[in-house]
Amino acid sequence: MENQMQTAQMNQPTTLHGKQNHGGHEIFDTHEILTGMISVIDQYKIFDQFIQDPELKTVAQRQGDFLTQTYNTMVETFKTGQDPTVPTTSYSMQQGNDVVYGIKPSQPKKPIASVNELTDECVSTYMLTQTKSLATMSTRGACEITNPVLRRIVADSVPNLIEMSYEIFLYQNKHHYYQVAQLQPSDMAAMMQSYDSAPMNQTH
């Protein structure tokens with residue numbers, strides 16, 4: 001009889017307010033996201049000693065602090081399944097939106113031979129790579145997380161990570177680390193005119 005009761009309890013669906021509030025799939029996804037966040041936060045601290053430009057140092061500190069709070073918020077909800085003590089907020093970059101177009105001659109890129117060769121270009125590239133990777137990982141995870149509170153928190157982190165990535169891109173672009181090529185005007189115009197609006201279905 002006792003075994004039958006245990007089996008029946010195991011077969012009961014769990015809810016947000018039940019003992020378990022996460023599916024197995026999202027446990028692994030959230031584990032990867034949180035581990036990825038730790039990696040970014042830790043490496044931002046490592047990068048700090050190599051950054052020369054005060055502007056980049058400020059960006060790294062602001063982003064690192066914001067990611068730390070996001071991490072804490074996510075960990076709390078991951079453990080409880082409930083609304084966190086500190087809710088999510090929006091990250092606001094301090095860069096302008098002006099992009100420099102065109103390619104200027106520069107030295108070919110190659111891996112460094114030692115840490116003594118690390119530059120602000122290197123560090124900002126690492127930062128951009130990490131925030132883009134975390135944004136992709138979080139987007140994928142948010143699509144299938146079953147706990148509604150955790151899903152919202154992970155989903156809310158995506159536009160913030162996109163904003164961080166764009167802030168670093170703009171910093172790199174301004175310093176000609178990340179150059180933006182353009183098509184010939186005629187090719188660009190042809191591509192932009194190659195799509196047309198679709199008719200909307202009329203509902204009655």
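Which backbone nitrogen does the side chain of N160 reach? In this predicted model, the side chain of N160 reaches the backbone nitrogen of Y91, at a distance of 2.7 Å. N160 is itself part of helix α5, which covers residues 148-174, and with a relative accessible area of 8% N160 counts as buried, because the limit for that class is under 20%. Leaving aside residues up to four places away in sequence, N160 touches F66, T89, S90 and Y91.

One of these partners, F66, is among the buried residues of helix α3, a helix that runs from residue 54 to residue 80 and has 27 residues. From its first C-alpha to its last, α3 reaches 39 Å, which is close to the 39 Å expected at 1.5 Å a residue. At the start of α3, a side-chain oxygen of D53 reaches to within 3.0 Å of the backbone nitrogen of E55, while the residue that follows the helix, G81, has a positive phi, near 75°. The buried residues of α3 also include L56, V59, A60, Q63 and L67, and the elements that cover the buried residues include α2 (24-48), α4 and α5.

Helix α4, which spans residues 120-142, also contributes to the largest pocket, where it supplies four residues, the largest share of the lining. This pocket has a volume of about 540 Å³, and of the 18 residues that line it, P108, K109, K110, E121 and C122 are the closest to its centre. By class, the lining is made up of seven nonpolar, seven polar and four charged residues.

Terms used
Residues are numbered from 1 along each chain as its sequence is written. This is a predicted model: local features need pLDDT of at least 70, side-chain atom pairs count only at pLDDT 80 or more; totals for chains, interfaces and linings use all residues. Side-chain values use heavy atoms; hydrogens and water are left out. On a 1 Å grid over the protein atoms alone, a cavity is a set of points where a 1.4 Å probe fits but cannot get out, and a pocket is an open set with protein on both sides within 12 Å along at least five of seven lines; lining residues have an atom within 4 Å of a point. Grid points are joined across faces, edges and corners, and a volume is the space filled by probe spheres set on the points. Helices (H or I, at least four residues) and strands (E, at least two) are DSSP runs, numbered from the N terminus. Ala, Val, Leu, Ile, Met, Phe, Trp, Tyr, Cys and Pro count as nonpolar, Asp, Glu, Lys and Arg as charged, and the others, Gly among them, as polar. Buried means under 20% relative accessible area, exposed over 50%, partly exposed in between (1.4 Å probe, protein chains only). A polar contact is a pair of N or O atoms within 3.5 Å; within protein, one must be able to donate a hydrogen and the other to accept it, and residues adjacent in sequence count only if both atoms are side-chain atoms. Contact means heavy atoms within 4.5 Å. The expected span of a helix is 1.5 Å times one less than its number of residues.
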